[in-house]
Amino acid sequence: MTNKKLTAVLFVAAALMCLYGAYSGETETVYQKAANICMECIGIG
Amino acid sequence: MADIKKQKRIRKTVQAVWGIVTNSYLKGFAEGGIYDGALKKFCVPGMNCYSCPGALGACPIGALQAVLGGRHGKFAFYVIGWLAMAGLIAGRFVCGWFCLFGLFQELLYKIPLPKTNVPDRLDKALRYLKYIMLFLLVIILPFALHGEPYFCKFICPVGTLEGGIPLVMLNKGLRSAIGLLFKLKFFLLVLCIISSVFIYRPFCRYICPLGAFYALFQRVSFIRMSFDGEKCIHCGACARACQMKVDPVKTPNSCECIRCGECVSACPKSALGLGICKGSDKIIAEQE
C-alpha cells in the first residue's frame with residue numbers, strides 16, 4: 001500500500017471515530033469540562 | 001539568509017495570529033471568568049488551556065483526560081479521532097505553527113544568554129519522557145482510575161501560565177484558594193521558563209504529550225518533508241539550521257521535527273521540501 005492510500009484510509013477511520021464519539025455524547029463531556037473553570041488545570045483543585 | 005529570515009517572520013506571524021484568534025474572548029480577561037459558548041465543544045489542535053480566560057476552544061489533552069476519566073471505562077472516540085485527523089493532516093507541523101506555548105518558549109529562547117547543548121545521550125533519553133506523559137498520565141491513569149486529569153493537575157505548565165496565573169490575578173475567590181498544588185505547578189512553570197531561555201523548546205522536546213501523539217503520525221501525514229538525494233551536496237546547512245537537533249538528510253520525517261521549515265530555507269540546493277504528500281510514495285522505514 002502506498003503512503004498516500006494508507007494516510008487516506010487512516011484519515012477516514014479517524015473521521016468515523018470522531019463522528020461516532022460525537023454521536024455518543026462525548027462532545028457534551030468535553031463541553032462540561034471546558035466551559036467550567038478546570039480547578040486541576042489551574043492548580044487549585 | 002534573507003529566505004530564512006523571511007520564513008521565520010512568516011511562521012512567527014502565523015503562531016501569534018493563531019494564538020490571538022483562539023484566545024480572543026476579552027470578556028474573560030475583563031471579568032476573571034472563562035468563555036462557556038458552544039465552541040468549547042471543539043478542541044484546538046495545539047496545547048491551549050481551556051481555562052485561559054480568553055480561550056474559545058477546548059484543550060485536546062485536557063479533553064482527552066476528561067472523557068477517559070469521566071465516562072467510566074468508555075473509550076474517547078471523539079477526541080482521539082479528532083487528534084488523529086489533525087495528526088494525519090499535519091503531524092507535528094501543528095507544534096511548529098499552531099501552538100501558542102511553543103511560540104512562548106521560542107521567544108524566551110531569543111533572550112541573549114549563552115545557550116546550553118544537552119548532551120546527545122541525555123537528550124535522546126529525555127525525549128522518551130513525553131511518550132510516558134502521554135500513555136501513563138494522559139491515557140492509562142485517567143482511564144484505569146476513572147478520575148483525575150493527572151497531567152493537567154500535576155504537570156501542565158500551560159494551564160498554570162494561561163489559566164492559573166490570569167484567573168488567580170483576576171478572581172479574588174480563586175486567589176484565596178491557592179495551596180500547595182498551585183505552588184508546585186508554579187514551580188514547574190518557572191522551571192520551564194528558565195530552561196526555555198537556555199534550551200530550544202524544552203517542553204515540546206521532553207514533556208508535551210500532544211507532541212508525542214502527533215509524532216506517531218509524522219511518517220504518514222499528508223503534510224510532510226521530502227528529501228532529494230540527487231540535489232544534496234552534503235553541506236550540513238540543514239542540520240545546523242535545525243533547532244530541534246534533527247538531521248533532515250537522515251530523517252526528514254523524524255518524530256522530533258516540528259516542521260518549522262527552517263532547514264528548507266537553509267538548503268542552498270533546494271534538496272529539502274515541505275508540502276502536501278511530498279517525498280516518496282512508498283512507506284520507507286527511516287533510520288533514527
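Select A:Cys38 and A:Cys41 in this predicted model and turn the view until you look along their S-S bond: the torsion about that bond is about 75°, so the disulfide is right-handed. The two sulfur atoms lie 2.2 Å apart, and a search of the whole structure, covering all chains, finds one disulfide. If you now add a surface, you can check how each partner is covered: A:Cys38 counts as buried at 1% relative accessibility, and A:Cys41 also counts as buried, with a value of 4%.

Next, move to chain B and select B:Cys99 together with B:Cys204. Why is there no bond between B:Cys99 and B:Cys204? The closest cysteine sulfur to that of B:Cys99 is the one in B:Cys204, and at 5.9 Å it is too far for a bond, because a disulfide requires cysteine sulfur atoms within 2.5 Å. Seen from the other side, the sulfur of B:Cys204 has its closest cysteine sulfur in B:Cys99. Both side chains can be inspected with the surface still displayed, where B:Cys99 is buried with a relative accessible area of 9% and B:Cys204 counts as buried at 6% relative accessibility.

For the last stop, stay on chain B and select B:Lys5, B:Lys6, B:Lys8, B:Arg9 and B:Lys110, which gather on the surface in a patch of positive charge. Within this group, centre the view on B:Lys8, which is found in helix 1 of chain B, spanning residues 2–22. Is B:Lys8 buried or partly exposed? With a relative accessibility of 32%, B:Lys8 counts as partly exposed.

Methods:
Residues are numbered from 1 along each chain as its sequence is written. Chains are lettered from A and ligands numbered from 1 in the order in which they are written. This is a predicted model: local features need pLDDT of at least 70, side-chain atom pairs count only at pLDDT 80 or more; totals for chains, interfaces and linings use all residues. Side-chain values use heavy atoms; hydrogens and water are left out. Patches are made of residues with over 30% relative accessible area and no salt bridge: like charges are joined within 9 Å, nonpolar side chains (Val, Leu, Ile, Met, Phe, Trp, Tyr) within 5 Å. Accessible areas come from the Shrake-Rupley method with a 1.4 Å probe; for residues, only the protein chains shown count as cover. A salt bridge is a side-chain nitrogen of Lys or Arg within 4 Å of a carboxyl oxygen of Asp or Glu. Lys and Arg count as positive and Asp and Glu as negative; His and the chain ends are not counted. The place of a charge is taken as NZ of Lys, CZ of Arg, CG of Asp or CD of Glu. Helices (H or I, at least four residues) and strands (E, at least two) are DSSP runs, numbered from the N terminus. Buried means under 20% relative accessible area, exposed over 50%, partly exposed in between (1.4 Å probe, protein chains only).
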